[in-house]
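I opened this structure to keep a short notebook on what I looked up in it. My entries begin with the nonpolar cores and then turn to the cysteines.

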Amino acid sequence: VCNFCCPTARILHATGGRSWGRRRWGMALASAAVTGARSNGGGRGGFAATAEVPGQGHGRGVRNERERVKEANAKAQARVMRQTHSTMFEATNPNIATGIATCLCTILVVSGLVSITASVYNQRAAKIADYDAQVLEWTAKERTHLEESGLEVYAQWAPRKNTSANATGRPANSTARMKTSVAEETVLMDVEAGEGLDSYVPLKFVSTFNFPGYYPNDTAGAWDQLPAKADAPTVSLQFSMMSKDGTVVNMTTMRWPLFWNEVVRSKTPAPETKCRREQRGTWRNGRCNVVKRLTRVCVQVRRDEAGHWMFNPETVMVGEGGEGLYESTPPVTNETFGCDPSEAWHPASYAIDGCWGPSPAIGTVCQPVRAAGAEGAPHVVEVIVRSAEDPLIAAEEITGDTLNFGASPESQRAYGLTMLAIGVCLCTIPMLRLYECWRSRRKRRFGPLRIPSSPGTAVSPEVDEAARAGVYGQSTM
């Protein structure tokens, strides 16, 4: 009892009566037990009485006990700090590589499963069947009906408001006979390079109109602002199409603006620079102005029950087109007999004229046009007439204007298995991370008992139980 209590009394004397926690008291008790065991000298029960030498010896023994207590406290604090820092690191600073691997793993595994599932339905085969049926119909009779028809187009345009055609010295109308063209169509953007798609010989009517130019004769001088859309010069086209039996049908479009100035929203920062380089406009009065011009007109026609030609209006879905969704598209009207679904099936297509203005962004390309002025740079508009049974229009409708019929089941399975394999490999990184966290937490909770002692020393069961209660928080009851 004396050998155990004396070291404990020394600890109290060394600490000056400070309050310790359970962990520090357990370590102190364990240290006191080790000290008593070392001073035993081989007696029975592992404890022996020690007598302190008065004077200098007593002071040196107290200092040794203080040093051992300080060393034990320092080790305990260092261990607690390491554990606390590790826990904080794991909770608040996850490994970046593990996070990236987790995201990629999830995306690849989900994409792979979706691709494998989609291969079961084989949507490509259904789309190809519809397209090939349209090609067969086109080759059998529709192409012949279009080829045997005659077509003329009559254009009538009006100048700017408050002016007249005679004042400009230019005619207000023009007629052109359209010619057939068998030029190759737009290449299908099919992921399988058109495998399984039937081929066909295209046919369409084409013509061009040269409208008066709107560039100033002196491009080095002032560039007057062009009229707004409401005051712009307009054009109307009338198609005279003769059927196989000799019946001529006239089809007239609404009036469309030829060109106009439009104020668009500026991009920041540096709006003046971005207006010229990115938006291809002109900076005027603190706002970005762009010039839009009519570039192409494409209409589709079909035969009625009597065999006469007429416009073929398409059904426009809500949100499929219109002002604001497509920059170069006019507002959605009842004229939906165009050739491009991205334009809401409107016949007229517009583009921004980046060459107009005192300082265009693409100077080298615009030099020939600007040098010719209004006299030498007419406003050229291409006019195209297609049959509603044209396989190209059918491909646009079937594929949603992507001209891509999708991947084959074999390709989808190959893509899916590849993504799934890569995703599973990446999933091993977060799994290993989770296993490491589980091991570290289990080790901290059920780790081995560590009591400061030296080889060959014995500790009494009472001290061992007290040390466990202080260091690991276990109950001694």
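**Entry 1, the cores.** Working from a predicted model, I looked up the largest nonpolar core and found that it has 43 residues, with Leu237 and Phe239 making the most contacts inside it. Strand E10 gives the most to this core, with five residues. A second, separate core holds eight residues, among them Ile128, Val135, Leu197 and Leu403. I noted beside this that, in soluble globular proteins, nonpolar side chains tend to be buried together.

**Entry 2, phenylalanine 239.** I then asked what phenylalanine 239 is in contact with, leaving aside its neighbours within four places in sequence. The list includes Leu151, Val153, Met178, Val249, Met251, Val299, Phe311, Val383 and Val385, and it also includes Glu152, Asn250 and Thr253.

**Entry 3, leucine 403.** From the second core I picked leucine 403, which I found in the loop between helix H9 (391–399) and helix H10 (409–446). Is leucine 403 buried or exposed? Its relative accessibility is 10%, and because buried means under 20%, leucine 403 counts as buried. I also checked leucine 392, which is eleven residues from leucine 403 in sequence, and the C-alpha atoms of the two are 8.7 Å apart in space.

**Entry 4, strands E8 and E10.** I went back to E10 (residues 287–303) and saw that six bridges join it to strand E8, the two strands running antiparallel. Strand E8 covers residues 259–264 and is mostly covered itself, with five of its six residues buried. For valine 264, I found that the bridge partner in E10 is cysteine 288, and this led me to the cysteines.

**Entry 5, the disulfides.** How many disulfides does the structure hold? I counted three.

- Cysteine 288 forms a disulfide with cysteine 275, and their sulfur atoms are 2.1 Å apart. The torsion about the S-S bond is about 85°, so this disulfide is right-handed. Because cysteine 275 lies in helix H7 (residues 271–277) and cysteine 288 in strand E10, the pair ties together parts that are 13 residues apart in sequence. The relative accessibility of cysteine 275 is 0%, so it counts as buried, and cysteine 288 is buried with a relative accessible area of 0%.
- Cysteine 298 and cysteine 339 form a disulfide with their sulfur atoms 2.0 Å apart, and with a torsion of about -80° it is left-handed. Cysteine 298 lies in strand E10 and cysteine 339 in the loop between strand E11 (309–311) and strand E12 (348–352), so parts that are 41 residues apart in sequence are tied together. I found both cysteines of this pair, cysteine 298 and cysteine 339, to be buried.
- Cysteine 105 is joined to cysteine 427, with 1.6 Å from S to S, and with 40° about the S-S bond this link is right-handed. Cysteine 105 lies in helix H4 (residues 96–121) and cysteine 427 in helix H10, so the pair ties together parts that are 322 residues apart in sequence. Cysteine 105 is buried, at 7% relative accessible area, whereas cysteine 427 is partly exposed, at 21%.

**Entry 6, a cysteine without a partner.** Why does cysteine 425 not bond to the closest cysteine sulfur? That sulfur belongs to cysteine 427 and is 9.1 Å from the sulfur of cysteine 425, which is too far for a bond. I noted finally that cysteine 425 is exposed, with a relative accessible area of 54%.

Key:
Residues numbered from 1 in each chain as written. Predicted model: local features only at pLDDT ≥ 70, side-chain atom pairs only at ≥ 80, totals over all residues. Heavy atoms only, no water. Buried < 20%, exposed > 50% of the residue type's maximum accessible area, 1.4 Å probe, protein only. Pairing = 2+ DSSP bridges. Core = buried A, V, L, I, M, F, W, Y, C linked by side-chain atoms within 4.5 Å. Contact = heavy atoms within 4.5 Å. Disulfide = S-S within 2.5 Å.
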